[in-house]
Structures are given as structure tokens and as C-alpha cells.
Amino acid sequence: MRSERECQTRRMETSQTKTIEVVLNGQRRSVPAGLTVDRLLVFLEMNPSRVAVELDRAIVRKSDWAAAQVHDGAQLEVVWFVGGG
């Protein structure tokens, strides 16, 4: 069982988390500040092995995701690859 102090700390961290506004696939969305592209995909619960990412109209190579910062007002397009026949 969680202690009262742990619960208060968790509430404080959550309430103090800064967010930014981005446009993701044409839709405005609030996301935590300070994310890189790879962390954004984790936050969005997207499988990184099946997507391509465009940040501010430039394709971001998978090898650069960890360094590509998502800033306030960023425009992102995430495209899912779908297999089939």
C-alpha cells in the first residue's frame, strides 16, 4: 500500500508537469514538455518499428529520434506502415 507522502509526491509531480501544444496529424494536442521524438512515440503508445515521423515538414530519420526535440507549436505527422496482401 502506498504511503500518504508517496501519493502527495505523485500528485505534485503530475500537477506540475508542463505541457506544450503540438499539431499531430492535423489535430491540436497537449503533450509533456521536453520530449524527443522517440519519447513522444512512447507517450503516444505507438510501436516505433512501424512508423515514420515528420517534424515541421522534415522527415526525421529513426537514428535521429532520440535527439530531435519536440517543441511548442511543432507540427508532426506520424505515418503507420500496414502490411497485408
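**Group meeting: a walk through the predicted model**

Let's start with the order of elements. From the N terminus, the chain runs α-β-β-α-β-β-β. That comes to two helices and five strands. Keep in mind that this is a predicted model.

So, how far can we trust each part? The mean pLDDT of the chain is 86. Of its residues, 80% reach 70 or more. Where is confidence lowest, and where is it highest? The low end is helix H1, residues 4–15, with a mean of 47. The high end is strand S4, residues 58–60, at 98. Look at residues 7–15 within the model. Their pLDDT is below 50. Beyond near neighbours in sequence, that stretch has two contacts in the model.

Next, some totals for the chain. It has 85 residues, and 26% of them count as buried. The accessible surface is about 6,500 Å². Carbon and sulfur atoms account for 50% of that surface. Now take contacts between residues at least 6 apart in sequence. Of these, 51% join residues at least 24 apart.

On to strand pairing. Please find S5, residues 75–80. In which sense does S5 pair with S1, and in which with S3? With S1, the pairing is parallel, over two bridges. One example is Val23, whose bridge partner in S5 is Gln75. With S3, the pairing is antiparallel, over five bridges. Here, Ala52 has Val79 as its bridge partner in S5.

Now the inside. The largest nonpolar core holds 20 residues. Which members touch the most other members? They are Val37, Leu41, Val53, Val70 and Leu76. Four elements each give two or more residues to this core. They are strand S1 (19–24), helix H2 (37–43), strand S3 (51–55) and strand S5. So the strands we just paired turn up again here: S1 and S5, and S3 and S5.

Let's zoom in on Val70. Leave out residues up to four places away in sequence. Val70 then touches Ile20, Val22, Leu35, Thr36, Val37, Leu40 and Leu76. Two of those, Val37 and Leu76, are also on the list of core members with the most contacts to other members.

Thr36 is on that Val70 list too, so let's stop there. Thr36 sits in the loop between strand S2 (27–32) and H2. Is Thr36 buried or exposed? Its relative accessibility is 8%, so Thr36 counts as buried; the cut-off is under 20%. What does Thr36 touch, again leaving out residues up to four places away? The contacts are Trp65, Ala66, Ala68, Gln69 and Val70.

Last topic: backbone angles. Most residues other than glycine have a negative phi. Two residues here are worth a look on screen.

Take Asn25. Its phi is near 50°, a positive value in a residue other than glycine. Asn25 lies in the loop between S1 and S2. With a relative accessible area of 29%, Asn25 is partly exposed.

Then Glu45. Its phi is near 60°, again positive and again not in a glycine. Glu45 lies in the loop between H2 and S3. How does Glu45 count, buried or exposed? At 74% relative accessibility, Glu45 counts as exposed, because the cut-off for that is over 50%.

To recap. S5 pairs with S1 in the parallel sense and with S3 in the antiparallel sense. Val70 is among the core members that touch the most others. And helix H1 is where confidence is lowest.

Definitions and conventions
Residues are numbered from 1 along each chain as its sequence is written. This is a predicted model: local features need pLDDT of at least 70, side-chain atom pairs count only at pLDDT 80 or more; totals for chains, interfaces and linings use all residues. Side-chain values use heavy atoms; hydrogens and water are left out. A nonpolar core is a set of buried Ala, Val, Leu, Ile, Met, Phe, Trp, Tyr and Cys residues joined through side-chain atoms within 4.5 Å. Buried means under 20% relative accessible area, exposed over 50%, partly exposed in between (1.4 Å probe, protein chains only). Contact means heavy atoms within 4.5 Å. Accessible areas come from the Shrake-Rupley method with a 1.4 Å probe; for residues, only the protein chains shown count as cover. Two strands pair if DSSP finds at least two bridges between them. pLDDT is the predictor's confidence in each residue, from 0 to 100.
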